[in-house]
Amino acid sequence: QVQLVESGGGLVQPGGSLRLSCAASGFTMDYYAIGWFRQAPGKEREGVSCISSSYSSTYYESTYYVDSVKGRFTIFRDDAKNTVYLQMSSLKPEDTAVYYCAAKFATAQGLCAPPFGDYWGKGTLVTVSS
């Protein structure tokens, strides 16, 4: 059974940092692009950051970031632990959302564009507020 489980969300002050984790099970994560998505109240889900598989010689762990998080967020994967991380720094109130991870047999750019992933976690809430 494919499972993606997010953790690490919480309440943080503006300018603070959080690290989100996405633990995968039930499939060979190594072959899949994994990404982070977010959805704020009243807004559409958007692709925040995605990372290609480490098995592709062409796209080896290539990454995608939405413009609003470039320079602040970093995505990286540890296939030995079946986990993908999103390190978030310099957080802003507009980063407040439920963050989901997803997987797809695609490149990072392919995963982070609609229709997004084939497998989804249930999300973790990130609230940036003073």
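Which cysteine does a disulfide join to Cys50? In this predicted model, the partner of Cys50 is Cys112, with an S to S distance of 2.0 Å. The link of Cys50 and Cys112 is right-handed, with 90° about the S-S bond. Cys50 belongs to strand β5 (residues 46–51), whereas Cys112 lies in the loop between α1 (108–111) and β10 (119–120), so the disulfide ties together parts that are 62 residues apart in sequence. Both ends of this link are shielded: Cys50 counts as buried because its relative accessibility is 0%, and Cys112 counts as buried at 7%.

A search of the whole structure finds two disulfides. Besides the link just described, a disulfide joins Cys22 to Cys101, with an S to S distance of 2.1 Å. The link of Cys22 and Cys101 is right-handed, and the angle about its S-S bond is 65°. Distant parts of the chain are linked by this pair, since Cys22 lies in strand β3 and Cys101 in strand β9, 79 residues apart. Cys22 is buried at 1% relative accessibility, and Cys101 is buried at 0%. When bonded cysteines are counted along the chain, the disulfides follow the pattern 1-3, 2-4.

Strand β3, which carries Cys22, is also part of an open sheet of four strands. The order in this sheet is β1-β3-β8-β7, and the pairing is antiparallel. The edges are occupied by β1 and β7 (73–78), each of which has a single partner strand, so one side of each is left without a neighbour in the sheet. From one strand to the next, the twist averages 15°.

Within this sheet, strand β1 (residues 3–7) is joined to strand β3 (residues 18–25) by five bridges. In this pairing, Val5 has Ala23 of β3 as its bridge partner, and Glu6 stands opposite Cys22. Thus the residue facing Glu6 in β3 is one of the cysteines of the disulfide to Cys101. Strand β3 is in turn joined to strand β8 (residues 83–88) by six bridges, and these two strands run antiparallel. Here Ser21 has Tyr85 in β8 as its bridge partner.

Thr83 also lies in strand β8. With a relative accessible area of 9%, Thr83 is buried, because the cut-off for a buried residue is under 20%. The side chain of Thr83 reaches the backbone oxygen of Lys81 at 2.8 Å. Not counting residues up to four places away in sequence, Thr83 touches Ser21, Cys22, Ala23, Met29, Arg77 and Asp78. Among these contacts of Thr83 is therefore a cysteine, Cys22, which counts as buried at 1% relative accessibility.

Further pairings involve strand β11 (residues 124–128). Strand β2 (residues 10–12) pairs with β11 in the parallel sense over three bridges, and Leu11 stands opposite Thr127 in β11. Three bridges also join β11 to strand β9 (residues 97–104), and these two strands run antiparallel. In the pairing with β9, Leu125 of β11 is the bridge partner of Val98. The two faces of β11 differ in their cover: Thr124, Val126 and Val128 form the covered face, while Leu125 and Thr127 form the uncovered one. The residue opposite Leu11 thus belongs to the uncovered face of β11.

Attention now turns to the interior. In soluble globular proteins, nonpolar side chains tend to be buried together. In this model, the largest nonpolar core comprises 29 residues, of which Ile34, Trp36, Phe73, Leu86, Met88 and Tyr99 touch the most other members. At least two residues of this core are supplied by each of β3, β4 (33–39), β5, β7, β8, β9 and β11. For Phe73, the contacts, not counting residues up to four places away in sequence, are Arg38, Val48, Tyr65, Leu86, Gln87, Met88, Ser89, Leu91, Asp95 and Tyr99. A second, separate core contains eight residues, including Phe37, Ala102, Cys112 and Phe116. Cys112, a member of this second core, is joined by a disulfide to Cys50.

Terms used:
Residues numbered from 1 in each chain as written. Predicted model: local features only at pLDDT ≥ 70, side-chain atom pairs only at ≥ 80, totals over all residues. Heavy atoms only, no water. Pairing = 2+ DSSP bridges. Axes fitted to C-alpha atoms, helices over the stretch in contact; angles between N-to-C directions. Buried < 20%, exposed > 50% of the residue type's maximum accessible area, 1.4 Å probe, protein only. Polar contact = N/O pair within 3.5 Å; in protein donor to acceptor, adjacent residues only side chain to side chain. Contact = heavy atoms within 4.5 Å. Disulfide = S-S within 2.5 Å. Core = buried A, V, L, I, M, F, W, Y, C linked by side-chain atoms within 4.5 Å.
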